[in-house]
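This briefing concerns the packing and strand pairing of a single structure. Please consult the sequence and the model shown here alongside the points that follow.

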Amino acid sequence: MSLHADALATLRAWEAPSAPQEILRQRYVSHLEAEPTGVFKSSVPDHLTASCVVLSDDGSSVLLTHHRKARRWFQFGGHLEQDDPTLWAAAARELREESGVPDLVPLPGMVQLSEHPVPFCAPSGDVHHLDVRFMAVAPAGAVPAVSDESLDVRWWPVDGIPEPEDNLLELIKLAQARL
């Protein structure tokens, strides 16, 4: 099965946790039905990305990356690559690359969808990431490392994230509910 086929099947089967998430799910499915390359960065203005939020084992802290280009704190994630067999595998790859924790893997099942503009991703500035979000739980004592894509990687108390965006806060709440 191709990455495109996996993404389409995964999104068709996902039961959204809310009406706004269902609207996004339908948007993602429509995008993929219309765009055979819609999972890759070359699909402009919209393409899928995969990300993963990392919670501590007790759910009180979240591991975030200070994104080099965006200059904001985010969950780990990025563009899908030709070698990624599934959305989940893409999220796992990004998580390992960006967190520096080699054996950390997302739990099965998507947690949230988030469509957001990313003007720094193309010269035109008209690009949207259709992010598919997963979660992972870090083992006690997990020590992150900063990658080339980050300015910093750090644990934050869930209620102490600097400049949190609503989508990130919602993602953390949805992930905590799955612990």
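The points below cover the nonpolar cores, the first helix, the pairing of strands and an aromatic pair. The model is a predicted one. Its largest nonpolar core has 33 residues, and a second, separate core has 14 residues. Strand S2 (residues 61–67) has 6 of its 7 residues buried, so the rest of the structure largely encloses this strand.

**Nonpolar cores**

- Within the core of 33 residues, those with the most contacts are Leu 11, Val 39, Leu 48, Val 54, Leu 80, Leu 113 and Val 132.
- At least two residues of this core come from each of helix H1 (3–13), helix H2 (19–34), strand S1 (46–55), helix H3 (87–99) and strand S6 (128–137).
- The second, separate core of 14 residues includes Val 53, Leu 55, Val 111 and Leu 171.
- Beyond its neighbours within four places in sequence, Val 39 is in contact with Leu 3, His 4, Ala 7, Leu 32, Leu 48 and Leu 80.

**Helix H1**

- The buried residues of H1 are Leu 3, His 4, Asp 6, Ala 7, Leu 8 and Leu 11.
- H2, S1, H3 and strand S5 (112–117) are among the elements that cover these buried residues.
- Three of the contacts of Val 39, namely Leu 3, His 4 and Ala 7, are listed among the buried residues of H1.

**Strand S2 and its partners**

- S1 and S2 run antiparallel and are joined by 2 bridges, with Val 54 of S1 standing opposite Leu 63 in S2.
- These two strands form a hairpin with 5 residues between them, and Gly 59 in the turn has a positive phi of about 75°.
- S2 also pairs with strand S7 (residues 150–157) in the antiparallel sense, over 7 bridges; here Leu 63 stands opposite Trp 155.
- Leu 63 therefore has a named partner on each side of this description: Val 54 and Trp 155.- S2 and strand S3 (residues 73–74) run antiparallel and are joined by 2 bridges, and Thr 65 stands opposite Phe 74 in S3.
- The hairpin of S2 and S3 has 5 residues between the strands, and Arg 71 takes a positive phi near 60°.

**Aromatic pair**

- A search of the whole structure finds 1 aromatic pair.
- Trp 73 and Trp 156 form this pair in an edge-to-face arrangement, with 5.1 Å centre to centre and 75° between the planes.
- The pair links distant parts of the chain, as Trp 73 in S3 and Trp 156 in S7 are 83 residues apart.
- Both Trp 73 and Trp 156 are buried.

Note on methods
Residues are numbered from 1 along each chain as its sequence is written. This is a predicted model: local features need pLDDT of at least 70, side-chain atom pairs count only at pLDDT 80 or more; totals for chains, interfaces and linings use all residues. Side-chain values use heavy atoms; hydrogens and water are left out. A nonpolar core is a set of buried Ala, Val, Leu, Ile, Met, Phe, Trp, Tyr and Cys residues joined through side-chain atoms within 4.5 Å. Buried means under 20% relative accessible area, exposed over 50%, partly exposed in between (1.4 Å probe, protein chains only). Helices (H or I, at least four residues) and strands (E, at least two) are DSSP runs, numbered from the N terminus. Contact means heavy atoms within 4.5 Å. Two strands pair if DSSP finds at least two bridges between them. Rings of Phe, Tyr and Trp (its six-membered ring) pair if their centres lie within 6.5 Å; planes under 30 degrees apart count as stacked, over 60 as edge-to-face and the rest as tilted.
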